[in-house]
Each structure stands twice: as structure tokens, then as C-alpha cells.
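Visitor: I should like to learn how to read a metal site and a sheet in a model. May we take one example?

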Amino acid sequence: MREGSYSWSTQSHTAFDTTIVLIDTDAGITGVGECCPLGPTYLPAYAHGVRAGISQLAPGLIGYDPTQLDLINAVMDTQLKGHPYVKSAIDMACWDLLGKAAGLPLYILLGGKLQEKVKLYKVVTRADPASMAERIPEYRDQGFKQFQVKVGEDPATDIIRIHRVAQEMEAGEVLNADANTGWKQHEALQVADAIADLGKQTGIHLTFEQPCLSYHECLAVRQHTDLPFVLDECIDSIGALLQGLHDHAMDMINLKISRFGGLTRARQARDLCVSLGLPMNVEDSWGGEITTAAIAHLAHSTPSAFQFQSSAFHEYATTQIATGAPVVDNGTMTASDAPGLGVEPILDALEPIAQFH
Ligand code: MG
């Protein structure tokens with residue numbers, strides 16, 4: 001981690017273990033995909049699980065046409081029930097192959113370039129309130145106007161964290177208070193009440209994200225606050241998305257590619273959100289240049305009114321794993337126009353662990 005550590009809710013990590021998939025074809029084209037869980041306790045996903053799952057799936061996929069994405073996903077689903085994150089890196093590599101075979105950047109295949117630049121947020125990692133607040137001018141100088149402020153630890157300190165960060169912010173900027181499931185319901189209600197008027201007082205656009213672990217706790221909190229509400233961790237399927245829409249449980253979701261099982265399923269959710277009027281943070285759990293490229297292509301092909309913000313994860317990393325990553329500039333990123341994801345893995349930066357023929 002460029003900043004030393006990444007802390008959210010009650011968790012803190014100094015590094016993340018990522019898995020890269022390369023798929024070679026008889027056409028001489030290679031596709032690349034990536035899946036990087038945010039440690040083993042963020043979602044039901046972990047780095048060794050990605051590798052174990054790919055070992056389970058890969059032998060049965062040899063011989064299939066990787067450009068037939070729905071077929072590939074159907075084959076994966078008949079070979080392994082669930083475990084969407086395991087399938088994500090394979091699905092992503094197949095999309096890269098489809099783009100390379102077609103000679104088109106993925107944003108074209110995902111619907112077209114609906115926006116030239118992808119809006120980014122910057123994470124303000126959980127720390128003491130004063131150090132978190134100090135980050136804001138520094139990130140603003142880099143061009144960021146949207147800040148995801150990590151809370152979800154001790155609610156009394158979290159209230160101070162949000163107020164201190166808000167003091168450093170300017171009207172019109174976004175303060176996304178993300179608890180990453182960290183509060184109990186009564187704690188979330190206490191925080192929501194303590195910051196209820198902060199947006200009105202400051203002109204900051206305040207959002208409240210995934211306060212509690214379960215959907216039902218989040219829904220109860222949502223029913224007692226007027227804060228714009230984002231659901232993230234519990235939106236893990238189209239079914240969960242439809243349930244949330246039915247219950248008016250959120251104003252926005254966080255769409256994470258690997259949580260849905262890859263670009264194929266994330267695109268389905270994206271299209272559904274656009275049709276139903278629900279804006280999204282288009283992103284993933286974590287990753288390097290390859291994951292960030294996938295995020296950028298999905299976000300480019302999303303109408304700007306529906307892409308609230310995204311994340312350029314490679315900007316947080318100290319190890320570069322590919323060239324051709326989206327270019328980050330002034331709080332936005334822009335994907336490569338090269339075919340597929342537009343990235344080239346740096347093989348020297350990777351450790352080979354398994355090969356399937
Ligand atoms: Mg979140």
C-alpha cells in the first residue's frame with residue numbers, strides 16, 4: 001500500500017494478494033483477468049480461494065470458445081455452484097479475448113463510450129480524526145472532489161471523524177461515509193442522527209454507505225434517516241438488487257465486478273440499474289491495473305448520471321502488474337483505446353503458480 005495501510009470498519013491491511021489469469025488461445029491471442037479480494041474477511045472471498053476455484057474450473061473450460069461469454073459462464077456454473085468471485089477473473093480474461101478478437105476496446109462491446117472520463121473518488125482510510133481531515137486538501141490538490149471516508153469502528157469517534165473531515169471540505173464536494181458493515185443497528189442510528197444536518201449546514205453532498213452487516217439492519221436504519229443511502233456489501237446478486245429496489249432500501253448501489261462473478265453479470269446488473277433509475281459506484285473489491293481497466297471500461301459505457309464514482313485501485317498499490325492501465329488525471333480516469341482491456345501484464349512482477357492445458 002502506497003499509504004502504508006488500508007483501514008476500514010475494524011479491519012486494517014498493509015497488502016493484498018491478487019490472482020491473475022492468462023488464457024492462451026489457438027488463435028494466438030492471450031486474454032488477461034484479475035481477482036483481488038480485500039483480504040479474507042471483507043466478503044466471502046479470499047485469495048487462496050480464487051486459486052483453488054480456478055484449479056477446479058480451468059480443466060473443464062479447455063476447448064471452449066472464450067468469446068462466447070454466456071456459454072463460458074454457463075459452463076462455469078455447471079462445474080461449480082456459487083463462488084462468483086472465483087469466476088470473475090476467468091470471465092474478465094474472456095472479455096479481454098473478445099475485445100482483442102474483435103479489435104475493439106471493451107467499452108465499445110459493453111455498450112459504447114457514454115462518457116469520456118470516469119469520475120473517481122479517493123478513499124480516506126480510517127485513522128484518527130485529525131489525520132483523516134489532513135488528507136482532504138492533499139487529495140483535493142490531486143483533483144479529487146469525492147471522498148470515501150472510512151468509518152464503522154467506534155461510533156462516537158466515527159461521528160468526530162465525519163465532522164472533522166467535513167470541516168476541511170468545500171460545498172459541492174462528496175463525503176461518502178462508508179461503514180463497511182461495521183456498526184450495530186443502534187450505533188448506525190446514533191451516527192445518522194448526529195450527522196443528519198451536516199449536508200444542509202455545509203453544502204457538502206453527504207452519503208451514508210452500508211452501515212450494518214445484514215440487509216435487514218441496513219433497511220431499518222434507512223427507514224429512520226433522510227441521508228442518501230448506499231448499499232454495497234449486501235448487494236451480491238440481481239435478486240438482492242431487485243429486493244432492495246422493491247423495499248426502497250437505497251438510493252444507490254456499489255457494483256463490484258467480482259462480487260457479481262465478472263463483467264458479464266456486472267454488466268447485467270449495470271444495465272438493470274440504468275433501466276430502473278438507480279445510480280452506481282462502479283468498482284470491485286480491490287485490484288491492480290487489470291481490475292482497474294475492467295472497472296474503467298464498465299464505467300465508460302455507463303451514462304454519467306448513473307456512474308456516481310469509481311476507484312482506480314492501481315493508484316493505491318506499490319507493485320505495478322500491467323502496463324496500459326487507465327490514465328488517472330484530475331480526479332478522473334480514462335481507459336486505453338487498445339483492443340480488449342488494453343492492458344499488458346508485466347510477467348516479471350507475477351509469480352507463476354499453476355498451468356492448465
Ligand atoms: Mg463500500
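Guide: The dialogue below treats the metal site and then the sheet.

Guide: This is a predicted model, in which local features need pLDDT of at least 70, side-chain atom pairs count only at pLDDT 80 or more, and totals for chains, interfaces and linings use all residues. Residues are numbered from 1 along each chain as its sequence is written, and side-chain values use heavy atoms, with hydrogens and water left out.

Visitor: Which residues are the protein donors of the magnesium ion?

Guide: Donors are N, O and S atoms within 2.8 Å of the metal (3.2 Å for Na, K and Ca); water is not among the atoms, so sites may look incomplete. Here they are Asp178 (OD), Glu209 (OE) and Asp232 (OD), 2.0 to 2.3 Å from the ion. Their spacing in sequence is D-x30-E-x22-D. Asp178 belongs to strand 8 (residues 174-178) and Glu209 to strand 9 (residues 205-209), so the pair ties together parts 31 residues apart in sequence. Strands (E, at least two residues) are DSSP runs, numbered from the N terminus.

Visitor: Is Asp178 buried or exposed?

Guide: Buried means under 20% relative accessible area, exposed over 50%, and partly exposed in between (1.4 Å probe, protein chains only). Asp178 is buried, at 1%, and Glu209 is also buried, at 1%.

Visitor: In what order do the strands of the open sheet lie?

Guide: Strands of a sheet pair through backbone hydrogen bonds, either parallel or antiparallel. Two strands pair if DSSP finds at least two bridges between them. Eight strands form this open sheet in the order 6-7-8-9-10-11-12-13, with parallel pairing. Strand 6 (122-124) and strand 13 (307-310) each have a single partner strand, so one side of each lacks a neighbour in the sheet.

Technical notes. Helix = DSSP H or I, 4+ residues; strand = E, 2+ residues; numbered from the N terminus.
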